[in-house]
Amino acid sequence: MALLRILQYPDERLHLAAERVTVFDEALKSLVADMKETMYAAPGVGLAATQVDVQKQVIVIDLSEAKDKPMILVNPEITAMSGKSDVEEGCLSVPGIFENVDRAERVTVTAQDDEGNTFEIHADGLLSICIQHEIDHLKGKVFVEYLSRLKQTRILAKMKKLARERM
Ligand code: NI
């Protein structure tokens, strides 16, 4: 396994759309293992392949306290959504920024596991928010893009400062 580098906003590659996975092979399992390791090390509760510069529709999520219940969503698709929610979100690609985002309260999602088996999830609460956030990543959308122009400008300035400090 290997730790992967997480792209930092406003890296343009965060805006690339991911392609559907059609081959469920060892390379996919290896990507999933690396993504889980990278998410746990960060530490974070969700990671989309887009964030590690892989344009494949793969998401890992783990909301458990013990960090021992990873969910793997390959080719996830929201088939139904209902209700409204407005919860504070953060993102490993936008460190230190936490903002409220309007989302659906509940979602129904069809996805595959890393063997290609199809399953359906009915999610609410934090899991619902997390799935919507990560599926956005696969479409090339970062959560800060839901915010006002003014907030986005401030966040961009903060991220540029962080990038300078890292050099
Ligand atoms: Ni994120």
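This section describes the nickel site, the largest pocket, a nonpolar surface patch and the salt bridges of a predicted model.

The nickel ion is held by three protein donors, Cys 91 (SG), His 133 (NE2) and His 137 (NE2), at distances of 2.1 to 2.3 Å. Along the chain, the donors are spaced as C-x41-H-x3-H. Both histidines belong to helix α2 (residues 125-138), and because His 133 and His 137 are 4 residues apart there, about one helical turn separates them. Both side chains belong to buried residues: the relative accessible area of His 133 is 6%, and that of His 137 is 0%.

The largest pocket has a volume of about 400 Å³. Its lining comprises 24 residues, and those nearest the centre are Val 45, Glu 89, Gly 90, Cys 91 and Leu 92. Two elements, β4 (85-89) and α2, each give two or more residues to this lining. Helix α2 supplies the largest share, with 6 residues. The pocket and the metal site therefore have two elements of the description in common: Cys 91 is among the residues nearest the pocket centre and is also a donor of the nickel ion, while α2 contributes to the lining and carries His 133 and His 137.

Val 45, which is one of the residues nearest the centre of the largest pocket, also takes part in a nonpolar surface patch with Leu 63 and Leu 126. The area of this patch is about 240 Å². Leu 63 is located in the loop between β2 (58-61) and β3 (71-82). With a relative accessible area of 33%, Leu 63 is classed as partly exposed.

Across the whole structure, 10 salt bridges were found. One of them joins the side chains of Arg 13 and Asp 11, with an N to O distance of 2.8 Å. The two partners differ in exposure class: Arg 13, at 30% relative accessibility, is partly exposed, whereas Asp 11, at 19%, counts as buried because the limit for that class is under 20%. Asp 11 and Arg 13 also belong to a network of salt bridges that includes Asp 53.

A further salt bridge is formed by Glu 115 and Lys 29, whose closest N and O atoms are 3.9 Å apart. This pair connects distant parts of the chain, 86 residues apart: Glu 115 lies in the loop between β6 (106-112) and β7 (118-123), and Lys 29 lies in helix α1 (residues 26-41). The distance of 3.9 Å qualifies because the cut-off for a salt bridge is within 4 Å. Lys 29 has a relative accessible area of 24% and is partly exposed.

Arg 106 and Glu 105 likewise meet through their side chains in a salt bridge, at 3.1 Å from N to O. Both residues are partly exposed, Arg 106 with a relative accessible area of 37% and Glu 105 with 34%.

Ala 104 is situated in the loop between β5 (99-103) and β6. Ala 104 is buried, its relative accessible area being 7%. The C-alpha atoms of Ala 104 and Phe 143 are 14 Å from each other, and the two residues are 39 positions apart along the chain.

Technical notes:
Residues numbered from 1 in each chain as written. Predicted model: local features only at pLDDT ≥ 70, side-chain atom pairs only at ≥ 80, totals over all residues. Heavy atoms only, no water. Buried < 20%, exposed > 50% of the residue type's maximum accessible area, 1.4 Å probe, protein only. Donors = N, O, S within 2.8 Å, 3.2 Å for Na, K, Ca; no water. Patch = residues over 30% accessible without salt bridge, like charges linked within 9 Å, V, L, I, M, F, W, Y side chains within 5 Å. Areas by Shrake-Rupley, 256 points an atom, 1.4 Å probe, with all protein chains shown as cover. 1 Å grid on protein atoms, 1.4 Å probe; cavity = no way out; pocket = protein on both sides within 12 Å on 5 of 7 lines; lining within 4 Å. Points joined across faces, edges and corners; volume = space filled by probe spheres on them.
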